[in-house]
Amino acid sequence: MSLGALVTAALAAVAIVASRGLRQRAQAVVLPIATGVLLLALWHLWAESTRYQIATPGEPVRTVEVFPTPERTLVAFRELLSDGRLVRYSIASLFRVAVGFLLAAAIGIPLGLWAGWSTRASYSINPFVQALRPISPLAWIPIATLAFGIRDEAAIFIIFLGSFFPIVTGTMTAVRSMPVAYVRSAHNFGLRKFELLAHVVFPAALPQIITSLRIALGVAWLVIVAAEMNAIQSGLGFLIVDARNMGMRYDLVVAAMLVIGAIGIGLDFLVRRLERIDSVRWGFTKE
Amino acid sequence: MSAPNAAAGDPKVVVRGLSKRFRRGREEMLVLDAIDLEIARGEFVCILGPSGCGKSTLLNLLGGFEEADAGTILIDGEKVTRPDPRRIFVFQDYGIFPWATVRENIALGLLRRPAKEREEIVARYVELIGLQGFEDSYPGELSGGMKQRVAVARALAVSPEIVFMDEPLGALDSLTRLSMRRELLRIWQRERMTIALVTHDVDESLQLADRVVVMTSRPGRIAGIVPVALPHPRDPGSPAYNALKRQLFELLGVRADV
Ligand SMILES: Nc1ncnc2c1ncn2[C@@H]1O[C@H](COP(=O)(O)OP(=O)(O)OP(=O)(O)O)[C@@H](O)[C@H]1O
Ligand SMILES: [Mg+2]
């Protein structure tokens, strides 16, 4: 048991409790750091507790670490960074997510606008969207592999499915929940079909569309790991399977997991910036 | 001798035997029962009545947003079948678009005009409503009164012949209401379009209208039409004003001495 980790955990816990007395701005800095330190220390302690030793007669005693400590994970992270896999695999995953997600948005938003606006379109489209939506994108992996082979397209297809349904459904709901006065005003001022779409329906739905994009990108990033686990030879999901299969490298597994988490935060941050566009801010502020 | 509901001058709007039902489940409800009404060109008419008597329904029919079950609406002798930029409806809320700036909102009906002309018209109406300096603000950054003024400017920017207003001042605090009434009057006296304004505020109708159309509920009928032949500005303390007020309360079936 390392004394250092115990002391660190205790100090972090004290900092969390003591931060009560600070101003909110200071708490916003202190609390996440202190909690992070506490989690790291607990992680370290737990990883140490899973260590065991193998004593074979005639050989030196070997220590086996089942779960990597934070330090080991950091070393693994450096390894991935220096041999170029981190950058290469992140780019491979991000590329697939970008293509699948943008494709889903490019098809999902117009389709959602149409199905939200036209009752006839909704009758045709909605039942199938709603029936396919609850099927996990992962259930499509065998079919995707069959259809596209072990190529990027298979993973992109899975990403596409994962983000398509939240986008269509979100866009459709946004159009349907639009106050009737908006449309009446537009008709009253003699707007034509395209003007109505460009000046009223789309901007009215945009805040909810952005929210659905945010959800969809989250799902896309969630399923990328599973989509890449299936025999594709690159990407962060592949890295996780590969690290385990090739010599039980759980340090690499955990490092890859943390990278996935960090990139996920980054993607969410990017989408959330859309919420600050002047013409959609009304949809994100409470009056 | 003209019909009791006839307008004094040349009729702009003629409503004959207008009825409207709403179905709720299996139940059918007669909301408007054979309404007859005329509104003169350039007249300011207030439609006054208790909540649920069908004021909004009547106005929506006049605006061409809904279809009547019986009767006709003629405007300039032409049957109303759909909304038209010559007659603009001002909604109580959700009228102006929160995603568009004041400038863009006012320009809604001017999309197909040349950019220069559009800018000129917008500038003129921004000035009319006194919102210079707020052209690039979004409705979310404006007060309730300012938003309502934008809705009025947007309506006027297309030079409509008629403006329909459904409780345009209903959401405002009482002080803002008073100043907005004055402003509405000033604009109407300048532009002289026909206005039909729905309200359930007796004083509001007496301050604004040339004639007050009083409605009763279930089914919505016209209880009476009261001409207000007082010059502006109208003094709420004057005997003539109070006589009219008593008359309106009587038509509404409410005692006035409370
Ligand atoms: N779309 C609708 N479907 C069914 N019933 C309706 C519909 N619109 C209005 N009604 C009913 O018609 C009646 C008149 O409604 P309306 O909105 O015209 O009243 P109002 O006089 O404008 O009331 P308020 O002063 O509260 O706005 C009400 O009883 C209402 O419940
Ligand atoms: Mg109403």
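1. In this predicted model, one helix pair of chain A brings together A:Ile210, A:Leu213, A:Arg214, A:Leu217, A:Trp221 and A:Val225 from α9(A) with A:Ile260, A:Ile263, A:Gly264, A:Leu267, A:Asp268, A:Val271, A:Arg272 and A:Leu274 from α11(A). Sorted by class, this contact of α9(A) with α11(A) has 10 nonpolar, one polar and three charged residues.

2. The geometry of that pair is as follows. Helix α9 covers residues 193-229 of chain A and helix α11 covers residues 250-274 of chain A; their axes come within 9 Å and cross at roughly 165 degrees. Because angles over 145 degrees count as roughly antiparallel, α9(A) is roughly antiparallel to α11(A). The crossing of α9(A) and α11(A) is right-handed.

3. On internal voids, the count is two cavities of 30 Å³ or more. The largest cavity has a volume of about 60 Å³, and the second largest has a volume of about 50 Å³.

4. The largest cavity is lined by A:Ile141, A:Ala144, A:Thr145, A:Gly149, A:Ile150, A:Arg151, A:Ala154, A:Ala155, A:Ile158, A:Ala227, A:Asn230 and A:Ile232. Two helices of chain A, α6 (141-148) and α7 (152-176), each supply at least two residues of this lining. By class, the lining of the largest cavity has eight nonpolar, three polar and one charged residues.

5. The second largest cavity is lined by residues of chain B: B:Lys12, B:Ile75, B:Asp76, B:Glu78, B:Arg86, B:Arg87, B:Glu161 and B:Ile162. Its lining divides into two nonpolar, no polar and six charged residues. The two nonpolar residues are B:Ile75 and B:Ile162.

6. Chain B has cis peptide bonds to proline. One runs from B:Arg218 to B:Pro219, with omega near -10 degrees; B:Pro219 is found in the loop between β9 (211-216) and β10 (221-227) of chain B. Another runs from B:His232 to B:Pro233, with omega near -5 degrees. B:Pro233 lies in the loop between β10 and α7 (239-252) of chain B.

7. A backbone item to check by eye is B:Ala34, which has a positive phi of about 45 degrees although it is not a glycine. B:Ala34 is placed in strand β2 (residues 27-40) of chain B.

Key. Residues numbered from 1 in each chain as written. Chains lettered and ligands numbered in written order. Predicted model: local features only at pLDDT ≥ 70, side-chain atom pairs only at ≥ 80, totals over all residues. Heavy atoms only, no water. Axes fitted to C-alpha atoms, helices over the stretch in contact; angles between N-to-C directions. Helix = DSSP H or I, 4+ residues; strand = E, 2+ residues; numbered from the N terminus. Parallel < 35°, antiparallel > 145°, perpendicular 65-115°, else oblique. Left-handed = near helix turned anticlockwise from the far one by under 90°. Contact = heavy atoms within 4.5 Å. 1 Å grid on protein atoms, 1.4 Å probe; cavity = no way out; pocket = protein on both sides within 12 Å on 5 of 7 lines; lining within 4 Å. Points joined across faces, edges and corners; volume = space filled by probe spheres on them.
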